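Trainee: Can we go through some of the labels people put on residues? I'd like to see what backs each one up.
Mentor: Sure, let's pull up the structure and take them in turn.

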Amino acid sequence: KHKHLNIDAEMEYLKATEFLTISPSVLELEHATFTGEGTVDIANEFELDLDFYGKKKNFDLFMAMAPEELHPVLDRYDNAGEIEFDVRVKGKSSIGNTPLVDATFSCHNGHFENTLSHKKIDQLNFEGHFTNNGKPGLEPMEFTLKDFTARPEAGSFTANLSMIDFAAPNIEMSLDSDFD
C-alpha cells in the first residue's frame, strides 16, 4: 500500500511453448533493491522456477516491506549491517498447487541507533530461514532464527528460535543474556 515501485526487467515469452524466461531483473521497492530471475512454464500448470536475492549495507530491504504506518517510527533509527537474502520459489502454482517457497536471510555486523535518544544496539548478527514446504496453508510453514546475537548498551544476549506450524505454533527458543 502506497509503495514506490520501479521495475527494470527483460523477459522473453515463447508463445508456441507458453514459456516465460525472466533475465536477471531489478525491482526497487522504496529504498531497497531486489534482483530476480527465473522461468514460468505457463503450459505446465504455471510451474515457477524463480530466484530473488539481494545484499544491502543497511536494513532497507526489511523496512521497504513494512507498513506505511510504521515508517515514522522506523525512520528514527540509523542502521547498518551486511544484510543478505535469497528466496527461491519452485513448483506448480495453478489452482490446487502450492509452489515451494524457501528463503534464507542474514545480518552480520549490524547496528541500530535511535537518533533521538542515541540508544543503540551493536554487534547484531543472525541467520534465518523460512519455508512453506511446498504445501498450502499455515500448518506446513517453518521459521528459524539462529545465532541471533546483539549487544545493547547494558549487556549482551544470544538467542535461537524455531517455529513450526503457523496455525498452531510450536515454538522452541533459547535465550542467554548478560545484562548489567
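Trainee: Why is arginine 88 called partly exposed?
Mentor: Bear in mind that this is a predicted model. Arginine 88 has a relative accessible area of 32%. Buried means under 20% and exposed means over 50%, so arginine 88 falls in between and gets the label partly exposed.

Trainee: What makes arginine 88 and aspartate 49 a salt bridge?
Mentor: Their side chains meet at 2.8 Å, N to O. The cut-off is within 4 Å, so the pair counts as a salt bridge. Aspartate 49 is in strand β5 (residues 47–56) and arginine 88 in strand β6 (residues 77–92), so the bridge ties together parts that are 39 residues apart in sequence. As for aspartate 49, its relative accessibility is 26%, which makes it partly exposed.

Trainee: How do you know that arginine 88 forms a salt bridge with aspartate 51?
Mentor: Here the closest N and O atoms are 2.9 Å apart, and the limit is within 4 Å, so this pair passes. It links strand β6, home of arginine 88, with strand β5, where aspartate 51 sits, and the two residues are 37 apart. There's a network here too: salt bridges link Asp49, Asp51, Arg88 and Lys90.

Trainee: Why is aspartate 122 called buried?
Mentor: Its relative accessible area is 19%. Buried means under 20%, so aspartate 122 is buried. You'll find aspartate 122 in strand β8 (residues 120–131). Leaving out residues up to four places away in sequence, aspartate 122 touches Gly110, His111, Ala150 and Arg151.

Trainee: What makes arginine 151 and aspartate 122 a salt bridge?
Mentor: The closest N and O atoms are 3.3 Å apart. That is within 4 Å, so the name fits. Arginine 151 lies in strand β9 (residues 142–152) and aspartate 122 in strand β8, so parts 29 residues apart in sequence are tied together. Arginine 151 itself is partly exposed, at 37% relative accessible area.

Trainee: How many salt bridges does the rule give?
Mentor: The count comes to 5.

Trainee: Now the surface: which residues form the negative patch?
Mentor: Asp8, Glu10, Glu12 and Glu28. Take glutamate 28, in strand β3 (residues 19–29): its relative accessibility is 35%. Patch members need over 30%, so glutamate 28 clears that bar.

Trainee: And which residues make up the nonpolar patch?
Mentor: Leu5, Ile7 and Leu27, with about 270 Å² of accessible area together. Leucine 5, in strand β1 (residues 5–8), is partly exposed at 47%.

Methods
Residues are numbered from 1 along each chain as its sequence is written. This is a predicted model: local features need pLDDT of at least 70, side-chain atom pairs count only at pLDDT 80 or more; totals for chains, interfaces and linings use all residues. Side-chain values use heavy atoms; hydrogens and water are left out. Patches are made of residues with over 30% relative accessible area and no salt bridge: like charges are joined within 9 Å, nonpolar side chains (Val, Leu, Ile, Met, Phe, Trp, Tyr) within 5 Å. Accessible areas come from the Shrake-Rupley method with a 1.4 Å probe; for residues, only the protein chains shown count as cover. Lys and Arg count as positive and Asp and Glu as negative; His and the chain ends are not counted. The place of a charge is taken as NZ of Lys, CZ of Arg, CG of Asp or CD of Glu. Helices (H or I, at least four residues) and strands (E, at least two) are DSSP runs, numbered from the N terminus. Buried means under 20% relative accessible area, exposed over 50%, partly exposed in between (1.4 Å probe, protein chains only). Contact means heavy atoms within 4.5 Å.
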